[in-house]
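The following exercises concern aromatic contacts and strand pairing. Please work through each task before reading its solution.

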Amino acid sequence: MASPEKPVVHQDNTSVNQGPRRTIFVVGLGMVGIAFIEKMLTLDEAKRYRLVTCGEESHLAYNRVALTDYFQHRSVEKLYLNQVEWYTQQDPEHFLFHTGERVTSLDTVAHSLTTSKGRNISYDYCVLATGSESTLPPYVSPVRAERAQGIFVYRNISDLDKILSYSEQEHVRGGRAVVVGGGLIGLEAAKAVFDLETISEVVIINRQVFPLSRQLDGEGGEIVLRRIEAMGVRVLTRTSVKDIITSDGVLTGLSLSDDRYLKAEIVIHAIGITPRDDLARQAGLKCVEKGGIVINDLLQTSAQDVYAIGECASWKDNTYGLIAPGVEMADILSFNFTQVETGLGGFKPRVMNMPDLSTKLKLMGVDVASFGDYFADKRSARGVLTSKVAVAEPLTRDKAQKAIDAKPTAWQISPLGSTPSNRVKEGEVAINTVTTQMKHGNRRTALDGPIECLTYRDPFSYVYKKYIFTADGKYLLGGMMVGDTSDYVKLVSLVKKKKELEEPPSKFIIGSGSKGPDDGADLDDDTQICSCHNVTKGCISESVKAGVTTLSDLKAKTKIGTGCGGCVPLATNIFKAEMKKAGHAVSNHLCPHFGMARQELFSIVKIRKLKTFPEIMEAAGVKKDSLGCEICKPAIGSILSSLYNELVIAPVHHANQDTNDKYLANIQRNGTFSVVPRVAGGEITPDKLIVLGKVANKYNLYTKITGGQRIDLFGANKQDLPDIWEELVAAGFESGHAYGKALRTVKSCVGTTWCRYGIGDSVGMAIHLEERYKGIRSPHKIKGGVSGCVRECAEAQSKDFGLIATDKGWNIFIAGNGGSNPRHATLFAKDVPPSKVVRILDRFLMYYIHTADKLMRTARWVEQFNGGIERLKAILLDDELGVCADLEREMGELIGSYADEWKAVVNDPARRRQFRQFVNTDERRPQTEVITERGQERPADWPKQLPPAKLGESVIVTPKSEWEWRKLATVNDLMPTDDATTSAAVKYGDSQLAIFHIPRRGYFATQQMCPHKRAFVLDHGIVGDDLDGNLYVSCPLHKRNFRLTDGKCLNDEDFSIIPFDVKQEGDNLLVLLPDSGNLDAVIGTSKWMVKQAAAEVSSRGGEGIEIAGVGMGTPESGSTCSGGQSSCSGGNASLDW
């Protein structure tokens, strides 16, 4: 295809053509012609083309498939595919149409054509959509058909008007109408004249044994035959018409091949169609002798810039009389004109593939459908056909299942051509086995090899079903239905996807129950739900029975979900199910501070335009002056970011963030951080790779390629983060937001950039999407994937959103994820043009942000969404709620507010100060011993079992009465504000302390180490309170909450910490402390840091491991508590890690 001139791409990635519009002339305004025009008007957002068309009928484009309905209402307007208003609303510079005008000549050299009204029109491209005409039998010449009265075809409105008018004539009233042909059109015509009051009898002449022989087998055809005859319509089979009999030019009867005479007043021929290629032949285009304009895979004819689509086109010697292949051609051609070159990257032109000939129609009052390779079992000339029959007395679910499972001994059927002894009797379910050796034919089986047929026949209800499967029952190949076609859409989808079936074949006949979200109902009580703390389903059940009524209480009691957290979704569902069993209402409140769900709070914040946490607490909180907690603070921080996208490191927002967002990096188990710069789409230059290597070497960082196609730099000290970012930003990197509940990556394969199989520019699309959605906060992290073909190398179907290129565009998948409870993504929209992808994803992501619960991945959101995926489609694709424009606008506003968070820190000295390890010294203190493994340094392993640790003032040798006030910081070091809490770490001897400022409450201090995992991280934690006013700090690693006044752990009785008094004197902050030596003996860094890991790694089979020097003294002996393998107060198996 000749490509249009290069478009200009604007900031919003739409493109506008610089040159004049190119004219595409569409010859024919039928169903396929208008389909192409509609698609062009939708896809040509760049306004590169001007569409001109003319149709020879005086009517606008109408639904030819629904012609039979015209006999009932007699209104062509009711058949219009688009109402008159639609045409008048079109821009004449974009679309111009003429009716009642036929193209009479085509000059492919001059690129012009002439119409029946003498109009001469030049074109850049010409699209022939001239359709087909009804075929007449040899005994009826066109001249004879025109002169003789009573001879008709069934093709367009004009034909129907002629039939209606003639049926009103006196000599026809009460007469007989004969339809020649028992195919789709023949049965449509028979039903139309059957409903005419002027016709008393209808006869169908069909030379086959049964009607619809191209769609049904003998069993199905017989059901249709019975139904037609039951209506009072005669069907003459195994015969044909030799000639028509007329008297004075008026039809009187038919002469049949068996020499019978059949009286008739009307005859309608429905024996087939012939492509209309006369215009093409006159213009010298290559055509097939039997009819049809020859086209290649790109729908190009033999003339340059001339294309043919629909019934007039012959592709690989095949013409198609169904509407679906024609619309498919319109899809392909409109796509190639508009989507091969866009502002979102190139896309491989779509090509014609073997079309899907599945059909579903209502004929003579009977629902009939065929799909997939529905005759696979008939191609057994060189195969072996056996049958297994099981009688179902009448069919019930239980009996049918037993019959199918029983599978009696097979018996050989009679050879082809003999009397069939394996005929399916009334009320039977049969399974036929065919070993197919034929590989080629009109249709080829999806998988070569043995197949099995599941057949159900109910002549009393005129129902017949035959489904064809691979012999192992894993794949559905095709089938046919009569009477009951309710599963047609589902089954066609299964055939097209060519994926393994999730249910046994028997379920397609007897049905199966639907499955909702997994609540563990099928799990035994001793099933382990939480592997970190060995919590079983029975523990959850017993806890609910014992009075636990909130998920937080369940966590405190059983420790479930306080380890890796992977069990939380299933544990939550089990908890809700157990609460329902116990008769308790399950609260969906955000937390104790807010008596509402996240979605409700989101609406309040949005409508009232609240912009800070204190404003939200005052407006919607249970207690107006509460600090909040580790649950609601990050959730509200996310809501504010999703609405306004202000910097999370701004003082008013900083305290709301979890540690990762607070320091714009992922905290690791040793208190260091990982740095993940954005590598959009996984594409990176060698120069940037070199920069990453130099930074890693300079700061001694452990490097690893992530699953999202970027490079992770581990082990960065907090105080080095701004310097690392400065070097990365200078090299053109930005924050990768690996730390946030935000877009992480959009993974891609190489697509058309390199791959010989590539169809779509997956790299270009992935980069565009990642650049578009970077930095947008959401209820949980978001991951994307883009695969350039159906080989799916980018694993797009395991992402929150994924795109897979097909030859028709992009398939959009949503709500997939990996993790402990993986979910395969759901196909949301098929064959979406590249220019439409962003709009759908904008709506999906924004609606997810609006309505999901806190920390809910898109997978769980879709599973629990009221109405499921179909409801989401109605809202986001069909705009049933009228919110799509608002969602798109809001996403556009968010995207426009993006700023790189790393750069904001690098350029602000005050913000850089927040990253000091200690505010009272530049001295550095390692938090964990380091081991070298496989040539890189990493933190020593945590011991497999850490004992409980309850620390308090009593374990310090020096009594508190002898402690002294010691200056450790200044007010400015904590950067206090009136709206948010702040914190900082200080060093005192070998001990580390955390100091906190709480507005209107003052200053507090505790040890820096969380005893749960011996991590020196408490200054990073969120400071909150409960409804009783207890102030606490929540450890950022595993959310142990320690009360600031006495050090008690509020959600784990095995741990406590030491608090210290703080007072302000002028600009100085003083902490009441014992001598540093005595304090070091209790909480000194050397005593508690994780070390001696060589034995741990060795026990796993590690080799070549050594302890890296950390430059510290030997820990003092005789302390009450120590780290490593020593014990404080005895072991506790529940804390196994």
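**Exercise 1.** How many aromatic pairs does a search of the whole structure find?

*Solution.* The model is predicted, so local features require pLDDT of at least 70 and side-chain atom pairs count only at pLDDT 80 or more, while totals for chains, interfaces and linings use all residues. Residues are numbered from 1 along each chain as its sequence is written, and side-chain values use heavy atoms, with hydrogens and water left out. Rings of Phe, Tyr and Trp (its six-membered ring) pair if their centres lie within 6.5 Å; planes under 30 degrees apart count as stacked, over 60 as edge-to-face and the rest as tilted. The search of the whole structure finds 30 aromatic pairs.

**Exercise 2.** Classify the pair formed by Y847 and F865, and locate both residues.

*Solution.* Step 1: the ring centres are 6.0 Å apart and the planes meet at 65°, so the pair is edge-to-face. Step 2: Y847 belongs to helix 24 (residues 834-851), whereas F865 is in the loop between helix 25 (858-864) and helix 26 (868-876); the pair therefore ties together parts 18 residues apart in sequence. Helices (H or I, at least four residues) and strands (E, at least two) are DSSP runs, numbered from the N terminus. Step 3: both Y847 and F865 are buried, that is, under 20% relative accessible area (1.4 Å probe, protein chains only).

**Exercise 3.** Classify the pair formed by W963 and F1060 in the same manner.

*Solution.* Step 1: with centres 6.1 Å apart and planes at 40°, the pair is tilted. Step 2: W963 lies in the loop between strand 46 (949-950) and strand 47 (964-970), and F1060 in strand 57 (residues 1059-1060), so parts 97 residues apart in sequence are tied together. Step 3: W963 is buried, with a relative accessible area of 6%; F1060 is also buried, at 4%.

**Exercise 4.** Which residues place a charge over the face of W942?

*Solution.* The criterion is NZ of Lys or CZ of Arg within 6 Å of the ring centre and within 35 degrees of the ring normal. R669 lies over the face of W942 at 5.7 Å from the ring centre, and K1013 does so at 5.1 Å.

**Exercise 5.** In what order do the 3 strands of the open sheet run?

*Solution.* Step 1: the order is 53-54-55, with antiparallel pairing; two strands pair if DSSP finds at least two bridges between them. Step 2: the edge strands, each pairing on one side only, are strand 53 (1022-1025) and strand 55 (1041-1043). Step 3: strand 54 (residues 1031-1034) is joined to strand 55 by 3 bridges, and S1034 stands opposite N1041 in strand 55.

How values were computed
Buried means under 20% relative accessible area, exposed over 50%, partly exposed in between (1.4 Å probe, protein chains only).
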